[in-house]
Amino acid sequence: YFTALFQATRLLVAATAILICCLILVAGIKESAWVEIAFTLLEAAGLVMIIIFGLPYLGRVNYFEVARGIDGLFEAAALIFFAYIGFESVARLSEETKDPRRSIPLAILASLAISTLLYVGVAIASVSVVGWEQLAKSEAPLALVASTALGSGAFKLLTIIALFATFNTVLAIMLT
């Protein structure tokens, strides 16, 4: 997403993101948690925006068509599997949590449920607006969906939100 918006090498962007995350983590667990919360809310807002952008396009495609056959189905299943890796990392923060026996299972189940609803909604909206062929070729697929639905301004907005989402993931992994 960064290279879609700015011209910079991926190595420089990755190294800078890691350095900024380290500085946030050194500030403390509370500060890191607040950054996580803010970025997660921004990320969720971006996903909800994609769903809303896709509403007028619903029903334009056959959602049960398996365009690439059984191979495509297994490739999609592998991507979905990797999308859910990391939810268990919440348990690693149990020492920093009040009432972890209650809070941690609720946090994991709630995050799984909310993420599943968002993933399904975004997937349906995305293929409704753009189609799987264009999504597969795009380096910034959600920004492509936004720009197709609303124009180039939406491309920049969703690209920036996607950058925050990626940064949030790096910060969460480093935090746990």
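Visitor: Let's start with Thr159: which helix is the place of this residue?
Guide: We're looking at a predicted model here. Follow the chain to residues 152–175, and you have the helix that holds Thr159, namely α8.

Visitor: Is Thr159 buried or exposed?
Guide: Its relative accessible area comes out at 0%. Buried means under 20%, so Thr159 counts as buried.

Visitor: And which residues does Thr159 touch, not counting those up to four places away in sequence?
Guide: Leave out the residues up to four places away, and three names remain for Thr159. They are Tyr1, Leu5 and Ala143.

Visitor: Staying with α8, how do α2 and α8 lie relative to each other?
Guide: Two packed helices are described by the angle between their axes and the distance between the axes. For α2 (residues 10–27) and α8, the axes are 10 Å apart and the angle is about 50°. Angles under 35 degrees would be roughly parallel, and 65 to 115 roughly perpendicular. The angle here falls in neither class, so α2 and α8 are oblique.

Visitor: What is the handedness of the crossing of α2 and α8, and which residues of α8 make the contact?
Guide: The crossing of α2 and α8 is right-handed. On the α2 side, the contact uses Ala17, Ile18, Ile20, Cys21, Cys22, Ile24 and Leu25. From α8 come Phe167, Val170, Leu171, Met174 and Leu175.

Visitor: How many residues of each class, nonpolar, polar and charged, are in the contact of α2 with α8?
Guide: Go through the contact of α2 with α8 by class, and you find no charged residues and no polar ones. What you do find is nonpolar, and the count is twelve.

Visitor: Cys21 and Cys22 are both in that contact; how many disulfides are there?
Guide: A disulfide needs two cysteine sulfur atoms within 2.5 Å. For Cys22, the closest cysteine sulfur is in Cys21, 7.1 Å away, which is too far for a bond. Cys21 is in no disulfide either, its nearest cysteine sulfur being that of Cys22. The disulfide count is zero.

Visitor: What are the relative accessible areas of Cys21 and Cys22?
Guide: Cys21 is buried, at 0%. Cys22 is partly exposed, and its relative accessible area is 32%.

Visitor: Now for the backbone: what is the phi of Asp99?
Guide: Most residues other than glycine have a negative phi. Asp99 is not a glycine, yet its phi is positive. You'll find Asp99 in the loop between α4 (69–83) and α5 (100–129), where it is partly exposed at 47% relative accessibility. The phi of Asp99 is about 50°.

Visitor: How about Thr148: which residues is it in contact with, leaving aside neighbours within four places in sequence?
Guide: Thr148 sits in helix α7 (residues 141–150) and is partly exposed, with 40% relative accessibility. Once the neighbours within four places are set aside, its contacts are with Tyr57, Val129 and Val130.

Visitor: How far apart in space are Thr148 and Glu133, C-alpha to C-alpha?
Guide: In sequence, Thr148 and Glu133 are 15 residues apart. In space, the C-alpha to C-alpha distance is 14 Å.

Visitor: To zoom out, how many helices and strands does the chain have?
Guide: Along the sequence the pattern reads α-α-α-α-α-α-α-α. So by the run definition, the chain comes to zero strands and eight helices.

Visitor: And what share of the residues in the chain is buried?
Guide: The chain has 176 residues, and its C-alpha atoms fill a box of roughly 50 × 40 × 30 Å along the principal axes. The buried share is 24%.

Methods:
Residues are numbered from 1 along each chain as its sequence is written. This is a predicted model: local features need pLDDT of at least 70, side-chain atom pairs count only at pLDDT 80 or more; totals for chains, interfaces and linings use all residues. Side-chain values use heavy atoms; hydrogens and water are left out. Buried means under 20% relative accessible area, exposed over 50%, partly exposed in between (1.4 Å probe, protein chains only). Helices (H or I, at least four residues) and strands (E, at least two) are DSSP runs, numbered from the N terminus. Contact means heavy atoms within 4.5 Å. Axes are lines fitted to C-alpha atoms, for helices over the stretch in contact, and angles run from 0 to 180 degrees between N-to-C directions. Angles under 35 degrees count as roughly parallel, over 145 as roughly antiparallel, 65 to 115 as roughly perpendicular and the rest as oblique. A crossing is left-handed if the near helix is turned anticlockwise from the far one by less than a right angle, and right-handed if clockwise. Ala, Val, Leu, Ile, Met, Phe, Trp, Tyr, Cys and Pro count as nonpolar, Asp, Glu, Lys and Arg as charged, and the others, Gly among them, as polar.
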